[in-house]
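Me: Hey, I've just opened this one and I'm new to it. Can you walk me through the salt bridges?

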Amino acid sequence: MIRVLIADDQDMVRIGFRMILDAQDDIEVVADVADGIEAVRKARELRPDVCLLDIRMPGMDGLQVTKQLAGPDVADPLKVVVVTTFDLDEYVHTALQGGASGFLLKDAGPALLIEAIRAAARGDALVSPQITVRLLKHFGDQQQARRPVEQPSEPLTARELDVVKATARGLTNTEIGTELYLSLSTVKTHLASVQSKIGARNRVEIAAWAWRNGVVDDA
């Protein structure tokens, strides 16, 4: 059972999300809260498998909550999916840098919401398809112009590069395996190796690294 905490300052949104998620056999909503401070407190108390956070909340916004629960300095980070009505690249970039495992727009629909929860719980990351490549390429282009190439600690193999390029295009592990004729366990092994070599914590950071360093220009 995937235990989920919902944080949103709108009652109707929390009720709607709870109804959608509680209807799933493998998902249980363990708490819903209306502000960021309570979200941090409840998340630390209950240790849910996934925290579903709105960006604009009183007390502490979703980006700050994300950093508190999943940031690079957190010893035992939680999985966070940010859900918002605001399709702003800066929000998405900050959320992912803060450790979020996914970013969705509220109009993405129930199916994508459920898949984002399941993806985060199993260690994948899901970003709304309409913003994934646009966002990562946008910030990659910006950062390529002002910073040197980030070299991995060891060279990536040809197969690892294939997996990185597919990841940067927003493909899931299953889709990568299908495209590259690899088993799911082999895809995960390649991703783990890449994470170690480039110092990434998750697949979103792998994708961001790929775009920043021009790895997917020809993908």
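Reply: Sure. This is a predicted model. A good place to start is aspartate 76, whose side chain meets that of arginine 47 in a salt bridge, 2.9 Å from N to O.

Me: Where do aspartate 76 and arginine 47 sit in the chain?

Reply: They link distant parts of the chain, 29 residues apart. Aspartate 76 is in the loop between helix H3 (62-70) and strand E4 (79-84), while arginine 47 is in the loop between helix H2 (36-46) and strand E3 (50-53).

Me: Is arginine 47 buried or partly exposed?

Reply: Partly exposed, because its relative accessible area is 34%, between the 20% and 50% cut-offs.

Me: OK, new topic. What does glutamate 179 pair with?

Reply: Arginine 169, in a salt bridge whose closest N and O atoms are 3.0 Å apart. Glutamate 179 lies in helix H8 (residues 173-180), and arginine 169 is in the loop between helix H7 (158-168) and H8.

Me: And how accessible is each partner?

Reply: Glutamate 179 is partly exposed at 36%, and arginine 169 is partly exposed at 35%.

Me: Which residues are joined into one network by shared partners?

Reply: Asp11, Arg14, Arg18, Asp22 and Asp32. Within that group, aspartate 11 and arginine 14 form a salt bridge at 2.8 Å, N to O. Both are in helix H1 (residues 11-22), three residues apart, about one turn of the helix.

Me: Why does arginine 14 count as buried?

Reply: Because its relative accessibility is 11%, and buried means under 20%. Aspartate 11, at 47%, is partly exposed.

Me: Last one: how many salt bridges are there in the whole structure?

Reply: The search finds 14.

Technical notes: Residues numbered from 1 in each chain as written. Predicted model: local features only at pLDDT ≥ 70, side-chain atom pairs only at ≥ 80, totals over all residues. Heavy atoms only, no water. Salt bridge = Lys/Arg side-chain N within 4 Å of Asp/Glu carboxyl O. Helix = DSSP H or I, 4+ residues; strand = E, 2+ residues; numbered from the N terminus. Buried < 20%, exposed > 50% of the residue type's maximum accessible area, 1.4 Å probe, protein only.
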